[in-house]
Amino acid sequence: MDAESLYRSQRAYFMKGQTRPAEFRIRQCETLKRAVLEYEPQILAAIGKDMRRPETESYTSEVMMIIKEIDHAVRHIRSWMKPIRVRTSWMLRPGKGYILPEPYGNALIIGPWNYPFQLLLCPLVGAIAAGNTSVLKISEIAEHSAKVIEEMVSRYFEPECIAAVQGGPEETQHLLDQEFDYIFFTGSVAVGKIIMGKAATRLTPVTLELGGKSPCIVTPEVRLETAARRICWGKFFNAGQTCIAPDYVLVQESIRDAFLASLRDTLTQFYGRDIRESADYGRIVNRRHFRRLLRLMENQKVYFGGETNESELFIAPALLQDVSPQSPVMQEEIFGPLLPVLTYRSLDEAIHFIRSLPNPLALYLFSDKKATQKRILQETSSGSVNINETLSQVTSTTLPFGGVGESGMGCYHGEESFRTFTHYKSVLHRSIRFDNSTKYAPYRTPLKYLKRVMRLIG
Ligand code: NAD
């Protein structure tokens with residue numbers, strides 16, 4: 001089906017009101033859960049073919065996360081849908097006010113390639129829970145995953161309610177030409193700007209889940225081995241191709257050498273002496289990204305790792321030291337297994353450095369000092385902060401996930417996903433029985449008197 005026919009069929013379906021009842025939304029969520037569980041082997045295999053990601057990583061970051069979102073939504077949909085009573089002022093009595101959550105209508109969800117299932121299906125849970133129809137635009141880059149998503153969605157859902165479309169920029173543009181009521185985009189800052197520009201022509205509301213350089217500050221007062229383990233896990237999960245991976249480390253200069261040694265030892269513990277042989281380490285998604293990463297490594301001092309093999313799209317975790325803030329690797333989101341380790345002298349200097357760059361999607365702080373934690377929380381801005389861990393903030397259904405400034409706008413997960421795809425309609429319901437004639441023309445009440453009454457009733 002072409003983009004226009006697909007959109008029209010979903011429009012007609014939404015207008016019939018079928019997506020609105022709680023029972024329908026819950027049933028759709030349960031269908032999605034069944035689909036994901038039944039397709040689990042194909043999902044893990046497809047991601048394996050696309051980026052040789054270990055199954056444990058794919059299970060926890062895709063299947064498990066989607067199921068958690070579904071279970072949470074199913075438990076709460078009925079209460080999220082309830083009208084919210086609000087107080088009404090004396091002037092509006094007799095009457096009552098409430099906020100009625102209603103679906104936007106037809107949602108377009110555009111996904112990236114790095115977590116191809118989770119980043120389409122978690123937003124989809126929100127869109128279903130809120131009573132919308134959805135078109136999922138799958139990224140063209142993870143091609144095995146793309147095929148599985150398309151097949152799975154078409155087997156379990158009617159296309160007029162939920163459909164998945166493969167394709168690149170051109171197909172996305174065709175979809176953007178339709179009159180969707182909500183656009184949920186996950187991807188790069190550059191494409192995010194294109195999406196928002198297009199949405200602006202119709203004043204379509206958008207959520208933009210973008211990327212950026214997420215800093216990781218390491219202070220001297222933490223256990224270095226634990227910090228190194230948690231940083232290596234977050235950085236080299238999916239071979240660094242994670243939007244909230246620590247992009248670079250800022251370590252206090254007095255512990256730099258010990259910290260680098262700790263990172264190196266951790267990598268050997270994780271992946272053994274020959275990382276290429278490890279079944280627990282992934283590959284770069286394609287040749288273009290492989291070469292981009294090689295360019296970022298050029299002229300850098302590699303402390304450890306960084307071996308490459310182009311035919312396998314393999315880049316070993318690379319610890320870079322003495323990195324200049326002006327070097328190319330510090331100018332763009334790395335999105336791969338290169339970890340620049342920079343130093344700072346005082347916390348002021350670290351904060352100043354972070355503030356000189358666009359607001360990141362995530363900020364990681366390894367510190368046990370309350371004063372340090374407070375300063376970082378108050379003096380920097382980022383989509384999320386994780387103190388003494390990496391990545392795990394994204395797994396919580398009670399913490400909204402999203403960026404700020406260049407790292408995006410809007411957020412989702414848990415109830416926030418429902419809120420994202422919901423319009424909160426204000427309703428004022430007045431009685432028809434009593435009518436205060438003083439508000440109508442001709443205005444006979446002296447203004448002085450009116451002001452006094454207004455002050456009294458508030
Ligand atoms: P991308 O922006 O290149 O592509 C995202 C989607 O946009 C794809 O479906 C693609 O087909 C489409 N697209 C690409 N060019 C387009 C164009 N000119 N017009 C219309 N549509 C177009 O991103 P990517 O390479 O797939 O993913 C990597 C980026 O996504 C990184 O920057 C990463 O940080 C970010 N990301 C963010 C999150 C998050 O949750 N915030 C999660 C994952 C990835």
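Trainee: How many bridges join strand β15 to β16?
Mentor: Strands are DSSP runs of E, at least two residues long, and helices are runs of H or I, at least four long, both numbered from the N terminus. Two strands pair if DSSP finds at least two bridges between them. β15 covers residues 362–366 and runs parallel to β16. The number of bridges joining them is four.

Trainee: What kind of model is this?
Mentor: Residues are numbered from 1 along each chain as its sequence is written, and side-chain values use heavy atoms, with hydrogens and water left out. Local features need pLDDT of at least 70, side-chain atom pairs count only at pLDDT 80 or more, and totals for chains, interfaces and linings use all residues, since this is a predicted model.

Trainee: Which residue of β16 stands opposite tyrosine 364?
Mentor: Look along β16, residues 384–387, where the side chains alternate. Val385 and Ile387 point to one face and are not buried (buried means under 20% relative accessible area, exposed over 50%, partly exposed in between, with a 1.4 Å probe and protein chains only). Ser384 and Asn386 point to the other face and are buried. The residue opposite tyrosine 364 is asparagine 386.

Trainee: Which helix joins β15 and β16 in a β-α-β unit?
Mentor: The unit is right-handed: with the strands pointing away from the viewer, the path from the first strand over the helix to the second runs clockwise. Its helix is α13.

Trainee: Which residue forms a salt bridge with arginine 375?
Mentor: A salt bridge puts a side-chain nitrogen of Lys or Arg within 4 Å of a carboxyl oxygen of Asp or Glu. Here the N to O distance is 2.9 Å. Both partners lie in helix α13 (residues 370–379), four residues apart, about one turn of the helix. The partner is glutamate 379.

Trainee: Are arginine 375 and glutamate 379 exposed or partly exposed?
Mentor: Arginine 375 has a relative accessible area of 27%. Glutamate 379 stands at 26%. Both count as partly exposed.

Trainee: Which residues do salt bridges that share partners join into one network?
Mentor: The whole structure has 20 salt bridges. Shared partners link some of them into one network: Arg256, Asp257, Lys301 and Asp322.

Trainee: How many residues apart in sequence are the parts that arginine 287 and glutamate 310 tie together?
Mentor: These two form a salt bridge, with the closest N and O atoms 3.1 Å apart. Arginine 287 lies in helix α11 (residues 287–297), and glutamate 310 lies in the loop between β11 (308–309) and β12 (314–315). So the distance in sequence between the tied parts is 23 residues.

Trainee: Which strand pairs with β4?
Mentor: β4 covers residues 133–137, and the pairing is parallel, over four bridges. Lysine 137 stands opposite valine 165. With helix α6 (residues 143–156), the two strands make a right-handed β-α-β unit. The partner is β5.

Trainee: Is Ala163 in β5 buried or exposed?
Mentor: β5 has both faces covered. Ile162 and Ala164 lie on one side, Ala163 and Val165 on the other. Ala163 is buried.

Trainee: Which two residues touch the most other members of the largest nonpolar core?
Mentor: A nonpolar core is a set of buried Ala, Val, Leu, Ile, Met, Phe, Trp, Tyr and Cys residues joined through side-chain atoms within 4.5 Å. In soluble globular proteins, nonpolar side chains tend to be buried together. The largest core here has 119 residues. The two are Val218 and Leu338.

Trainee: Which helix gives this core its largest share?
Mentor: The share is nine residues. The helix spans residues 118–129 and is α5.

Trainee: How many residues are in the other core?
Mentor: The largest core draws at least three residues from each of domain 1 and domain 2. Another core lies apart from it, with Tyr7, Leu108, Val165 and Leu210 among its members. Its size is 19 residues.

Trainee: How many residues of domain 2 are in contact with domain 1?
Mentor: Domain 1 is 3–210 + 409–423 and domain 2 is 215–402, with bounds from an automatic or database domain assignment. Their centres, taken over C-alpha atoms, are 30 Å apart. Contact means heavy atoms within 4.5 Å. On that basis, 25 residues of domain 1 meet domain 2 residues numbering 27.
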